[in-house]
Amino acid sequence: ILILATSACAYPGADNVGQIHAEYPANTSILKVPDPVIFPELFYLRCFRKGIGGILVMSCGHECPYPGAYQALSDRIARTHRLMADQGIKTQRLRLCAICTVCSKAFLKEVQQMNQLLASAPAAAATAG
């Protein structure tokens, strides 16, 4: 599971999970980014082609410090979902969620839900629409 975590909100939230010594599946990689809107649609498709099972885009939501960035990100994820569906990739494998600096329960819930989704889908079915 690839996690794109905003440096302003979601990454401190992930750090908070570590500070409280909460456990979550080890199959995650967290990438701290200024804002995930910088990643084009093709980035996500390439990740899936290269074997990434799921991507969690953890942002600040409407609290984003960059005006208009959250709406642009939401629109980009919607366009990516359409491209994924066209290519037979399950759209549930890409999820946008708002995580605040102290949202440890929300962070853990998102990771666990994605992990369950990936565990329940056999490798061949992971690309089915």
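**Close-up 1. Helix α4 lies across the sheet.** In this predicted model, helix α4 covers residues 104-120 and lies across β1, β2, β3 and β4. Set against β3, helix α4 runs at about 165 degrees. The sheet beneath this legend's topic is an open one of 4 strands, paired in parallel, and the order reads β2-β1-β3-β4. At its edges sit β2 (29-33) and β4 (94-98), each of which pairs on one side only. Going from one strand to the next, the twist averages 20 degrees.

**Close-up 2. Strand β1 pairs with β3 and with β2.** Start with β1 (residues 2-6) and β3 (residues 55-59): they pair in the parallel sense over 4 bridges. Look for alanine 5, which stands opposite methionine 58 in β3. With β2, strand β1 also pairs in the parallel sense, here over 5 bridges. For a landmark on that side, take leucine 2, which stands opposite serine 29 in β2. How many of the residues of β1 are buried? The count is 5 of 5, so the strand is mostly covered, given that buried means under 20% relative accessible area. Leu2, Leu4 and Thr6 point one way from β1, while Ile3 and Ala5 point the other way.

**Close-up 3. Helix α1 crosses the sheet and packs against α4.** Helix α1 (residues 10-19) lies across β1, β2 and β3, and runs at about 115 degrees to β1. It's also a neighbour of helix α4: α1 and α4 pack at an angle of about 95 degrees, and their axes are 8 Å apart. That makes α1 and α4 roughly perpendicular to each other. Which residues meet here? From α1 come Ala14, Asn16 and Val17, and from α4 come Ser104, Phe107 and Leu108. Sorted by type, the residues of the contact of α1 with α4 are 4 nonpolar and 2 polar, with no charged ones.

**Close-up 4. Isoleucine 30 sits in strand β2.** Is isoleucine 30 buried, partly exposed or exposed? With a relative accessible area of 32%, isoleucine 30 is partly exposed. Leaving aside residues up to four places away in sequence, isoleucine 30 touches Ile3, Ala5, Tyr11, Ala14, Tyr24 and Phe107. Some of those names should look familiar by now: Ile3 and Ala5 point one way from β1, and Ala14 in α1 and Phe107 in α4 take part in the contact of the two helices. For a sense of distance, isoleucine 30 and histidine 62 are 32 residues apart in sequence and 21 Å apart in space, C-alpha to C-alpha.

**Close-up 5. Glutamate 41 forms salt bridges with arginine 76 and arginine 79.** Side chains of opposite charge can pair when their charged atoms come close. The structure holds 3 salt bridges. In one of them, arginine 76 meets glutamate 41, and the closest N and O atoms are 3.7 Å apart. This pair links distant parts of the chain, with arginine 76 in helix α3 (residues 69-86) and glutamate 41 in helix α2 (residues 41-49), 35 residues apart. Both of these partners are buried; glutamate 41 has a relative accessible area of 15%. Glutamate 41 also forms a salt bridge with arginine 79, where the closest N and O atoms are 2.6 Å apart. Here too the pair links distant parts of the chain, from glutamate 41 in helix α2 to arginine 79 in helix α3, 38 residues apart. Arginine 79 counts as partly exposed, at 33% relative accessibility.

**Close-up 6. Glutamate 110 and arginine 95 meet in a salt bridge.** The N to O distance between these side chains is 2.4 Å. Glutamate 110 lies in helix α4 and arginine 95 in strand β4, so the salt bridge ties together parts that are 15 residues apart in sequence. How accessible are the two partners? Glutamate 110 counts as buried, at 9% relative accessibility, while arginine 95 counts as partly exposed, at 35%. As for the residues of the previous close-up, salt bridges that share partners join Glu41, Arg76 and Arg79 into one network.

**Close-up 7. Histidine 21 lies in the loop between α1 and β2.** Although histidine 21 is not a glycine, it has a positive phi of about 60 degrees. Histidine 21 has a relative accessible area of 68%, so it's exposed.

Notes: Residues are numbered from 1 along each chain as its sequence is written. This is a predicted model: local features need pLDDT of at least 70, side-chain atom pairs count only at pLDDT 80 or more; totals for chains, interfaces and linings use all residues. Side-chain values use heavy atoms; hydrogens and water are left out. Two strands pair if DSSP finds at least two bridges between them. Axes are lines fitted to C-alpha atoms, for helices over the stretch in contact, and angles run from 0 to 180 degrees between N-to-C directions. Contact means heavy atoms within 4.5 Å. Buried means under 20% relative accessible area, exposed over 50%, partly exposed in between (1.4 Å probe, protein chains only). A salt bridge is a side-chain nitrogen of Lys or Arg within 4 Å of a carboxyl oxygen of Asp or Glu. Angles under 35 degrees count as roughly parallel, over 145 as roughly antiparallel, 65 to 115 as roughly perpendicular and the rest as oblique. Ala, Val, Leu, Ile, Met, Phe, Trp, Tyr, Cys and Pro count as nonpolar, Asp, Glu, Lys and Arg as charged, and the others, Gly among them, as polar.
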